[in-house]
Every structure is written in C-alpha cells, then in structure tokens.
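User: Hi! I am new to reading protein structures and would like to work through one with you. Could you help me go from the whole chain down to single residues?

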Amino acid sequence: MIPWFIPSRYFEGAGTMKNNVKFGLYGLFGLVALATLMAYAPTMNFGFMFDDAPTIVDNFYLKLQSYGSLFFAHSRWVSMIMNAFTYHTWGLRPYAFRVFNLGMHIFNAFLLFIIFKTLLAGLKRSSFAKKNAGLISVLAAGLFLLHPVQTQTATYITQMRLEGLATCFVLLIIGLFVLATKLKKVWLKVACFGFATFLAAISAGTKEIIVMLPILLLMVDLFFIAQWKHWKEFLFRLPVHALIAVALYGSFYRFSFSSTVPFSLSSVVSLDAALDCNRGNLLTEAPTVKITALRYMISEFKVLLHYIIMFFLPRGLSFDYDYKMAESFWQFDVVAPLMALIAIFSAAVFSWLRDKSSLVAFSIVWFFLAVGPRASIVPSAEMANDYKTYLGSVGMMLLLSYLVVYVVMWIAAFLREHGWKWSDRAYQYAFAFLLLFSSYKATVARNDVWSSDLKFWGDVIRKAPNKSRA
C-alpha cells in the first residue's frame with residue numbers, strides 16, 4: 001500500500017503494484033476529524049489556563065525578542081517560536097493558539113493513520129493486522145483524536161505546543177523514513193532520509209521527551225519494515241538511523257537544556273538527581289524531603305498502571321492526582337502495580353515470540369518506551385499528568401483498535417451462528433461507531449472542565465482533596 005497522493009511510478013514494484021488504497025478510509029477519517037472539530041469547537045473560546053500564564057501570557061522574553069534571537073536560544077525554542085509567531089500575528093487571543101493546536105492534533109492523527117495503514121498492509125506474512133490494516137489504522141486515529149484522555153493535551157495550550165509538537169516531529173520523521181523505504185528513485189530516498197535527519201536536529205528544540213525518537217524509529221523498522229528477518233536491507237538503513245540519532249543528540253549536546261532541567265545528565269545516570277516539591281504539591285512526607293531518583297522510580301509503578309487503565313476505562317480523569325511518593329519498595333502500592341506491569345510486558349514478549357511483527361507487542365513496547373523517560377529515574381515534581389502520555393498514546397490507540405476489531409470478529413461469528421447475518425465489516429463498523437461516539441461524548445464532557453478556572457480547580461479539588469495547590 002502506497003500513499004495515494006504520490007504517483008505510483010516513484011515506488012518499488014510500480015509496474016506490478018496495484019494501488020489498493022480504499023478512499024473510503026480517508027472519508028471515514030474525515031468524518032472523525034469533523035467530529036473532533038465539533039467536540040473541541042466550544043474550547044476555542046476558553047481562556048488561558050495554569051502554565052499558560054508563565055509560558056505565554058507573562059512571558060516578556062517571548063514578546064520582546066526577535067525570531068532570529070529565539071533560534072536555538074532555549075531547550076524548547078521551537079515551541080517558543082511557535083508561541084511568538086501566534087502572539088505577534090494575533091496577540092493574546094486564546095482562540096488563535098487553540099485553533100492552531102487543534103489543527104496539529106488532527107494532523108498528528110492523520111500521520112498516525114497513514115503510517116500504520118502503510119506499515120500493516122506491507123507486512124509480508126498474512127496476519128489479522130495485515131488483513132484489517134485499514135480499519136485498525138483509521139480506528140486508532142479516531143481514538144487518538146476523540147479519546148477523553150487526550151483533552152489534557154489538546155485543550156491545554158502550553159502542553160499541546162510541547163508534548164503535541166514533539167509527537168508531531170516523531171510521527172513526521174517516522175513517516176518520511178517509511179516513505180523513503182517505499183521509493184525506488186535513489187535521489188528521492190536520499191531526499192526523504194536527509195529531510196528526516198534535518199527534522200531530527202530541529203526536533204531537539206520541542207521537548208526533552210523527543211530523546212526517545214531514535215529508539216522508536218528503530219523499533220518501527222524492526223517490526224514492520226525489516227520484520228526481524230530482512231537483515232541485509234536493515235543493515236543498509238542502519239547508517240540512516242545513526243545519522244538521525246547523531247543529529248538529535250548532537251543538537252541536545254550543542255544546546256544544553258539546563259534551563260528547564262535542574263540537574264545534569266551525569267547526576268541522573270548516577271541516581272544522584274533530586275528535586276524539591278512544587279509549592280502546593282507536596283509529594284514527600286515533609287517539605288524538606290527531596291524527590292530522589294530511586295523513590296521517584298518505584299513510586300511511578302502505580303502511575304504507569306494508572307496510565308494504562310485510563311485508556312481502557314477513562315473514569316476519574318483529573319489534571320492533578322492525589323499520589324504520594326513511596327517510602328519503601330515493599331509497600332503494597334509499589335509491589336502490586338509492579339507485578340501488573342511485569343504481567344503486561346510479559347504478554348507483549350509472549351505475543352512477539354508467536355509473531356515477530358505482532359502489533360500487540362509493538363504497541364505495548366512503544367507505550368513503555370515513550371512514557372519511560374517520565375516514569376523512571378528522572379525525577380519530576382509532578383508524579384502523574386495525563387498529558388505525559390500523548391506520545392505513548394500512539395501505542396495504546398493501536399492496541400485498543402486491534403483488540404476492538406479482533407473481539408468484534410469473534411462476536412460477529414457468534415451472532416451469525418444465532419441468525420444475525422450481517423457481514424464482518426458491518427459488525428466492525430457498527431462497534432467502531434459506538435466506541436467513537438462514546439469517546440466523543442466523554443471528550444465533550446471532559447472539555448467542559450477547562451471552560452473556567454472555577455470548574456477546572458473545582459474538579460481538581462474533588463479528585464485530589466489533599467493537595468493544597470487547588
């Protein structure tokens with residue numbers, strides 16, 4: 001399967017390849033994108049919230065500096081330039097920031113849809129994921145757009161321009177890499193790989209989570225392009241992987257992010273990194289007790305489990321959660337979540353052993369890798385924020401869509417035995433509609449929380465009553 005908007009003569013095997021793109025899938029994506037516009041339309045009139053004040057409203061550096069002086073001036077300079085452009089063009093009008101953010105959210109979902117429709121359909125071995133590549137990909141993109149968990153990123157101006165922007169660069173670079181592997185013209189391959197490398201260097205100025213890009217890209221190659229067996233072609237692409245990694249990490253090295261991270265890389269590796277609690281958000285037993293690397297890591301087991309559960313059961317979502325740091329590894333809320341996480345990861349390994357291109361294994365590993373920097377040995381003064389899962393949600397949405405399509409196939413077979421003569425596709429689309437419609441309703445309800453400071457902080461107080469910040 002090749003992108004419909006590029007002539008087939010540029011692709012490998014174009015003489016015999018049929019362009020089997022189902023334009024109906026693009027129509028379905030368009031309908032979901034329209035539903036997303038409807039779900040987020042009320043938020044266009046919402047004001048700035050929480051960290052929007054220091055990053056945008058009261059950021060005089062942003063307002064007074066020229067565009068040229070902002071280039072590579074800060075570890076998050078790409079976001080800063082985006083904010084500066086919006087401010088100098090439209091002023092401090094929240095809707096201008098929000099319109100751009102919503103467009104980026106939809107664009108990210110479109111990239112997800114195109115990339116994984118292409119990758120799954122291109123699997124050599126016939127599998128459930130290959131046979132249902134289109135539906136799985138469009139449903140994953142729909143869930144990415146409409147799942148209520150995403151509101152904490154898509155409705156939060158600052159984080160969409162950090163988390164959302166970093167995710168956009170990850171998907172763009174992966175998309176260019178996948179496109180290059182499909183092209184037959186050498187100069188086009190080089191152009192795509194070269195542009196991906198350039199974007200990798202720029203992406204270091206989005207948010208520090210972009211550090212996982214080379215590993216995620218390598219994983220995409222192993223699972224869906226090399227498919228764990230085409231080693232000759234994989235070795236040919238390794239220099240490209242190395243160039244992208246050098247471009248990204250070289251940019252990090254040249255433009256240090258000490259302005260946003262209050263400790264050095266060496267202190268993180270040696271587990272000496274420590275932070276004070278944020279004002280009003282006490283995570284330790286006393287204000288004088290610091291958040292250390294090891295305590296933070298063992299405390300994040302329950303947070304990781306919370307992140308996974310909320311994609312399947314998005315109940316009790318909150319901007320702030322009433323979590324405290326663990327004092328000992330042997331606490332129940334450390335050991336029990338750890339066992340659950342090991343079971344989930346073991347399921348991924350088992351699935352991979354059965355099928356080296358398992359979408360289940362890929363999705364789970366993607367999630368752990370993408371969220372890992374936020375839930376391991378790098379301490380943070382915020383234990384749990386749902387926006388931290390925006391990049392990891394790519395894996396969770398793929399997993400959810402795969403499981404939904406698979407379960408619906410089983411239900412369809414059962415119902416046919418009892419006289420319901422619908423086709424498999426009819427059942428799949430019916431269940432997909434119900435899932436996306438319920439997600440739409442939940443997103444509309446969740447977005448209402450962001451409509452005013454009173455509703456926003458009132459929701460936090462109800463769900464985190466022991467935090468003094470609200």
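User: What share of the contacts in the chain with a separation of 6 or more comes from residues 24 or more positions apart?

Analyst: Happy to help, and please keep in mind that this is a predicted model. It has 20 helices and two strands. Among contacts with a separation of 6 or more, the share from residues 24 or more positions apart is 76%.

User: How confident is the predictor, and which residues have a pLDDT that stays under 50?

Analyst: The average pLDDT of the chain is 86, and 90% of the residues score at least 70. There is one stretch to treat with care: the model has 38 contacts beyond four places in sequence for it, yet its pLDDT stays under 50. That stretch is residues 1-21.

User: How many of the 470 residues count as buried, as a percentage?

Analyst: Let's start from the outside: the chain exposes about 20,800 Å², and carbon and sulfur atoms supply 69% of that area. A residue is called buried when its relative accessible area is under 20%. Of the 470 residues, the part that counts as buried is 55%.

User: Which elements give two or more residues to the nonpolar surface patch?

Analyst: The patch covers about 600 Å² and is made by Tyr67, Phe71, Phe85, Trp90, Tyr95 and Val99. The elements that contribute two or more of these residues are helix 5 (77-90) and helix 6 (94-121).

User: Where is Tyr67, and what is its relative accessible area?

Analyst: Tyr67 is one of the patch residues, and its place is in helix 4, residues 67-70. It counts as partly exposed because its relative accessible area is 34%.

User: Is Thr206 buried or exposed, and which backbone oxygen lies 2.7 Å from its side chain?

Analyst: Thr206 is in the loop between helix 11 (186-203) and helix 12 (213-225). Its relative accessibility is 0%, so it counts as buried. Leaving out residues up to four places away in sequence, it touches Ser75, Arg76, Val78, Leu162, Leu165, Ala166 and Phe169. The backbone oxygen 2.7 Å from a polar atom of the Thr206 side chain belongs to Ser203.

User: Why does Arg374 count as buried?

Analyst: Arg374 sits in the loop between helix 17 (359-371) and helix 18 (393-417). Not counting residues up to four places away in sequence, its contacts are Glu163, Lys207, Ile209, Tyr296, Glu300, Tyr387 and Lys388. The cut-off for buried is under 20%. Arg374 counts as buried because its relative accessibility is 13%.

User: How many salt bridges are there?

Analyst: Side chains of opposite charge can pair when their charged atoms come close. With a cut-off of 4 Å between the nitrogen and the oxygen, the count of salt bridges comes to 15.

User: How many residues apart in sequence are the parts that Arg237 and Asp221 tie together?

Analyst: The closest N and O atoms of this salt bridge are 2.7 Å apart. Both Arg237 and Asp221 are buried. Arg237 lies in helix 13 (residues 231-254) and Asp221 in helix 12, so the parts they tie together are separated in sequence by 16 residues.

User: Which residue forms a salt bridge with Lys290?

Analyst: Lys290 is partly exposed at 39% relative accessibility, and its partner is partly exposed at 45%. Both lie in the loop between strand 1 (274-275) and strand 2 (291-292), so the pair ties together parts that are 14 residues apart in sequence. With closest N and O atoms 2.7 Å apart, the partner of Lys290 is Asp276.

User: Arg462 and Asp459 both lie in helix 20, so where do they stand on exposure: which is buried and which is exposed?

Analyst: These two are three residues apart, about one turn of the helix, and the closest N and O atoms of their salt bridge are 3.6 Å apart. Arg462 has a relative accessible area of 62%, so it is exposed. The value for its partner is 5%, so the buried one is Asp459.

User: Which residues do salt bridges with shared partners join into one network?

Analyst: Here salt bridges that share partners link several residues into one network. Its members are Asp320, Glu382, Lys467 and Arg469.

Technical notes. Residues numbered from 1 in each chain as written. Predicted model: local features only at pLDDT ≥ 70, side-chain atom pairs only at ≥ 80, totals over all residues. Heavy atoms only, no water. Patch = residues over 30% accessible without salt bridge, like charges linked within 9 Å, V, L, I, M, F, W, Y side chains within 5 Å. Areas by Shrake-Rupley, 256 points an atom, 1.4 Å probe, with all protein chains shown as cover. Salt bridge = Lys/Arg side-chain N within 4 Å of Asp/Glu carboxyl O. Helix = DSSP H or I, 4+ residues; strand = E, 2+ residues; numbered from the N terminus. Buried < 20%, exposed > 50% of the residue type's maximum accessible area, 1.4 Å probe, protein only. Contact = heavy atoms within 4.5 Å. pLDDT = per-residue confidence, 0-100. Polar contact = N/O pair within 3.5 Å; in protein donor to acceptor, adjacent residues only side chain to side chain.
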